[in-house]
Amino acid sequence: PFVPREDPLFVERTEGAYLYLKDGSKILDAAAGCILVSIGHGRKEVVEVIAKATQTNSFVLPLWLTPEREALVNELQQHWLPPHLTRSHFTSSGSEANEAAVKIAVQYHVARGTPSKHIILTRSLSYHGATRATGGWSGHPARKKGLEQVLLKNPMIETPYPLRCPLGPYHPDAEDYYIDSLQRTIDEVGADNIAALLAEPLCGASGGAIAPPGNYWSRVQAILKANDILLISDEVMTGFGRLGTKMGCDFFDMTPDLLVGGKGLSSGYAAINGVFGTDAIADALKQGGFEPMYFTHSAMPMACAAATKVLEILRRESLVERAKTVGAQLKQRLIDEFADHPHVAEVRGEGMLLALEIVKDKATLRPFDIEQRITEKMFEAGFRHGVFFYPGGTGEVRDIIMIGAPFIIGDVEIDLMVKALKACLTEVLGNL
Ligand code: PLP
């Protein structure tokens, strides 16, 4: 590592929902890596198609077709993508995919004769990637440290956060408040200057599984449409079953113009993300003489084969439905066990993307001081109790423990997580 850690974790192998460490311990991967493993680790079927595709087509220019690419596009169109998203463009990482989506949105407006529409709106709590552009678009101060001068800057609207709405927790006017934030920003920046809103349907790791109030997305979409602003749904975390629906946009009944998806697309078996868009956008680009530039390793045949097999397994084993039902069971257990805990402000999330927010004072929602390193200590205690919980939150929004487990977990794992969380809360908070 560039900056080595004192005691780096050594994972010798992974299988199912577990990590096996060099010291002989077995850890439940409740974080599913970084909230991406859906079908579980070590599936032979996936390994076999990767080997076969590597043998058949080790590398082929991303512009050309191969059987693996054709099969993936067919699988996506027939079974996964909303029918209006007919076009695909693949990248390796989610950061690249978000950049590509934004570039497509900008070229779309240029092609239609509205080149002033080039500014991207994003949200105050968000994560879109680690490059200078996507890092800048992200509302994630912790991941911007030391880079503030060079990251791209853009106008941000407030991410809906019902628990911490400035009007008061769960305020009945929270939805209006957050919609005003969008409308005000459009008025300030000028609709003629805005290309797109880039947003996660449900705020992922930056805020920790925060869902917007009821009609938020339908009202946002109406405003965007009226102002000729595209909606780019960043579903790198929420796509491919994580929320218990095929895509996050299905959960919230959204109709994005562009959808970006990745992590769960290959369940971590290969580096592949995609940008999916409409005929209208693709046709405009064609007329403008534009084409999204590929990255060298985009749509590697082995990655396409891995993704196709992962998606087939998700369907064959009804794992999206499982993410919904097991996720709901787990959420209920977390509510039963922890909702009344004096330091748990909220148990939240959907499907297999859940979180607990820990605070010092439940009445005022005041967090623990940053120096107390609560999230880090919870993460460390989790390992001692056999579970890898994902550390969420950023900046002022901190101490969020996330669970984004593989969809294959069952009762044994739910018990293990609940027991471990109980022990972690006692150990970390009991000593303060
Ligand atoms: N968008 C979201 C919502 C993410 O959660 C992530 C990664 O965690 C990214 C984009 C960036 O993806 P990558 O790390 O593959 O570049």
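So, overall size first: with 432 residues, a compact globule would have a radius of gyration near 22 Å, and this chain comes in at 21 Å, which agrees. Keep in mind that this is a predicted model. If you put a box around the C-alpha atoms along the principal axes, you get roughly 65 × 55 × 40 Å.

What's in the box? There are 14 helices and 14 strands in the chain. Buried residues account for 55% of the 432. And if you take the contacts between residues at least 6 apart in sequence, 72% of them join residues at least 24 apart.

On the outside, the accessible surface adds up to about 18700 Å², and carbon and sulfur atoms own 54% of that. For the electrostatics people: I count 43 positive and 52 negative side chains, with the centres of the two sets 3 Å apart.

Okay, the seven-stranded sheet. This one is open, with mixed pairing, and the strand order reads E4-E10-E9-E8-E7-E5-E6. At the edges sit strand E4, residues 87-91, and strand E6, residues 156-157, each of which pairs on one side only.

Let's walk in from the E4 edge. E4 runs antiparallel to strand E10, residues 273-277, and five bridges join the two. If you want a pair to click on, phenylalanine 90 has glycine 274 in E10 as its bridge partner.

Now jump to E7, residues 194-199. Is that strand enclosed or open to the outside? Six of its six residues are buried, so E7 is largely enclosed by the rest of the structure. On one side, strand E5, residues 119-123, is joined to E7 by three bridges, and those two run parallel. There, leucine 121 stands opposite leucine 197 of E7. E7 also runs parallel to strand E8, residues 230-235, this time with four bridges. In that pairing, alanine 199 has serine 233 in E8 as its bridge partner.

Next stop, E12, residues 353-358. Again, six of the six residues are buried, so this strand too is largely enclosed by the rest of the structure. Have a look at how the side chains are split: Leu353, Ala355 and Glu357 point one way, Leu354, Leu356 and Ile358 point the other way, and all are buried. Yes, that includes the glutamate, Glu357.

Who does E12 pair with? Strand E11, residues 344-350, pairs with E12 in the antiparallel sense over six bridges. Valine 344, for instance, has isoleucine 358 in E12 as its bridge partner. The hairpin of E11 and E12 has two residues between the strands, and glycine 351 in that hairpin takes a positive phi near 55 degrees. E12 is also joined to strand E14, residues 397-403, by four bridges, and these run antiparallel as well. Across that pairing, alanine 355 stands opposite methionine 402 in E14.

While we're talking about phi, here are a couple of aspartates to check on your Ramachandran plots. Aspartate 399 has a phi near 65 degrees, a positive value in a residue other than glycine. It lies in strand E14. Buried or exposed? Aspartate 399 is at 3% relative accessibility, so it counts as buried.

The other one is aspartate 253, with a positive phi of about 55 degrees although it is not a glycine. Aspartate 253 lies in the loop between helix H8, residues 248-251, and strand E9, residues 258-261. At 64% relative accessible area, aspartate 253 is exposed.

Last bit: sequence separation against distance in space. How far apart in space are aspartate 283 and tyrosine 108? Their C-alpha atoms are 8.9 Å apart, with their positions 175 residues apart in sequence. Aspartate 283 belongs to helix H10, residues 279-288. With 40% relative accessibility, aspartate 283 counts as partly exposed.

Then take glutamate 148 and lysine 331: they are 183 residues apart along the chain, and their C-alpha atoms are separated by 37 Å. Glutamate 148 lies in the loop between helix H5, residues 132-137, and E6. Its relative accessible area is 44%, so glutamate 148 is partly exposed.

That's my tour. Over to you for questions.

Conventions:
Residues numbered from 1 in each chain as written. Predicted model: local features only at pLDDT ≥ 70, side-chain atom pairs only at ≥ 80, totals over all residues. Heavy atoms only, no water. Rg over C-alpha atoms; globule rule 2.2 N^0.38 Å. Buried < 20%, exposed > 50% of the residue type's maximum accessible area, 1.4 Å probe, protein only. Contact = heavy atoms within 4.5 Å. Areas by Shrake-Rupley, 256 points an atom, 1.4 Å probe, with all protein chains shown as cover. Lys, Arg positive; Asp, Glu negative; His and termini not counted. Charge placed at Lys NZ, Arg CZ, Asp CG, Glu CD. Pairing = 2+ DSSP bridges.
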